[in-house]
Amino acid sequence: LPPPAARLPYVPQVSPMALLGKVTATTFALERPRCVFDGHADASDAVWLAVAFANASAAFRNPQCRAEVPPYKELLAARSYMTLETAAAAYSCSAPSPAALRVGGDTACGDQGTQDPCNGPLPSPGPYRVKFLLMGCGGPKAETRWSEPILLRTALSPSTIEAAPARPGSALVVTASILASLGAALAAAVLGALGVRGSLCHQGLGTGAFTRSSYRTHHIPPA
């Protein structure tokens, strides 16, 4: 039997950087695991991201070869899948690389009829747990710990939006979504109907999406 994968102390987390759309109703951005696999990886190895519903992460079993990698299209049935296959060298200390990884960013995944790994949109708010797995030709070589639960939740108004977790390692991540922007537009329309002119400037959202945006609208009868 091959030796078990080495357990690394690294815990994946949502990126601490102020990123546009860091967490949405279907995606989230992870901190890039730089320097984590140095000393364990060879040039031919790959790093995968395992994504599982939080209540199914304990039952996840590392695949022993690439052919056993659970695909995205079976997430709802299998409760987990693997994605973001990346050469291990891309995560080394010496490799210049972006600071974050987007999970769930490929909207074309649903149209694929093959078993190829895919980074498709997450189908529900979760919560999810993720871990990075280093795979070599002989199977898993090293793995990180599972993340804390990551919950995708749609904000109902701009006042409920948090740009980042309330504290480091928080289990709850709240984000702005399309509904938030629609809510802001509706509020602007009502102000316009009441004869208020000017611009809306929402401070502290962390995205700048609403900053100094003007709206013109037709009359809306009172409710």
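This is a short walk through the sheet, the cysteines and the charged pairs of one structure. Bear in mind that the model is predicted.

Okay, the sheet to start with. It's an open one with five strands, in the order E1-E7-E6-E3-E4, and the pairing is mixed. Strand E1, residues 6–7, and strand E4, residues 80–87, sit at the edges with a single partner strand each, so one side of each has no neighbour in the sheet. Inside that order, E6 (residues 128–136) and E7 (residues 139–143) run antiparallel and are joined by four bridges. If you want a spot to click on, Gly-136 stands opposite Gly-139 in E7.

Now, cysteines. How many disulfides does a search of the whole structure find? Two. Cys-35 pairs with Cys-93, with the sulfur atoms 2.1 Å apart. Cys-35 is in the loop between strand E2 (28–31) and E3, while Cys-93 is in the loop between E4 and strand E5 (100–103), so this disulfide ties together parts 58 residues apart in sequence. Cys-35 is partly exposed at 33% relative accessible area, and Cys-93 is partly exposed too, at 39%.

The other disulfide is Cys-109 with Cys-118, and there the sulfur atoms are 1.5 Å apart. The torsion about that S-S bond is about -95°, so the disulfide is left-handed. Are its cysteines buried or exposed? Cys-109 is buried at 5% relative accessible area, and Cys-118 counts as buried at 5% as well. Number the bonded cysteines in sequence order and the pairing reads 1-2, 3-4. Two more cysteines to look at: Cys-65 is partly exposed at 32%, and Cys-137 is exposed at 78%.

On to charges. Side chains of opposite charge can pair when their charged atoms come close. This structure holds five salt bridges, and I'll show you some of them. Glu-143 and Arg-7 meet at 3.8 Å, N to O. That one links distant parts of the chain, since Glu-143 is in strand E7 and Arg-7 in strand E1, 136 residues apart. Glu-143 is buried at 10% relative accessible area, whereas Arg-7 is exposed at 56%.

Next, Lys-141 and Asp-45, whose closest N and O atoms are 2.7 Å apart. Lys-141 lies in strand E7 and Asp-45 in the loop between E2 and E3, so the pair ties together parts 96 residues apart in sequence. Lys-141 is partly exposed at 26%, and Asp-45 is buried at 4%.

Then there's Glu-85 with Arg-66, at 2.8 Å, N to O. Here Glu-85 is in strand E4 and Arg-66 in the loop between E3 and H1, so the parts tied together are 19 residues apart in sequence. Both are partly exposed: Glu-85 at 39% and Arg-66 at 48%. Which residues end up in one network through shared salt-bridge partners? Arg-7, Lys-131 and Glu-143.

That brings me to the last residue, Asn-62, in the loop between strand E3 (46–53) and helix H1 (75–78). Beyond its neighbours within four places in sequence, Asn-62 is in contact with Ala-5, Lys-131, Leu-133, Pro-140 and Glu-143. Its side chain makes a polar contact with the side chain of Lys-131 at 3.0 Å, and another with the side chain of Glu-143 at 3.2 Å. For a backbone distance, the C-alpha atoms of Asn-62 and Met-135 are 9.5 Å apart, with their positions 73 residues apart along the chain.

That's my tour, thanks.

Definitions and conventions:
Residues numbered from 1 in each chain as written. Predicted model: local features only at pLDDT ≥ 70, side-chain atom pairs only at ≥ 80, totals over all residues. Heavy atoms only, no water. Helix = DSSP H or I, 4+ residues; strand = E, 2+ residues; numbered from the N terminus. Contact = heavy atoms within 4.5 Å. Polar contact = N/O pair within 3.5 Å; in protein donor to acceptor, adjacent residues only side chain to side chain. Pairing = 2+ DSSP bridges. Disulfide = S-S within 2.5 Å. Buried < 20%, exposed > 50% of the residue type's maximum accessible area, 1.4 Å probe, protein only. Salt bridge = Lys/Arg side-chain N within 4 Å of Asp/Glu carboxyl O.
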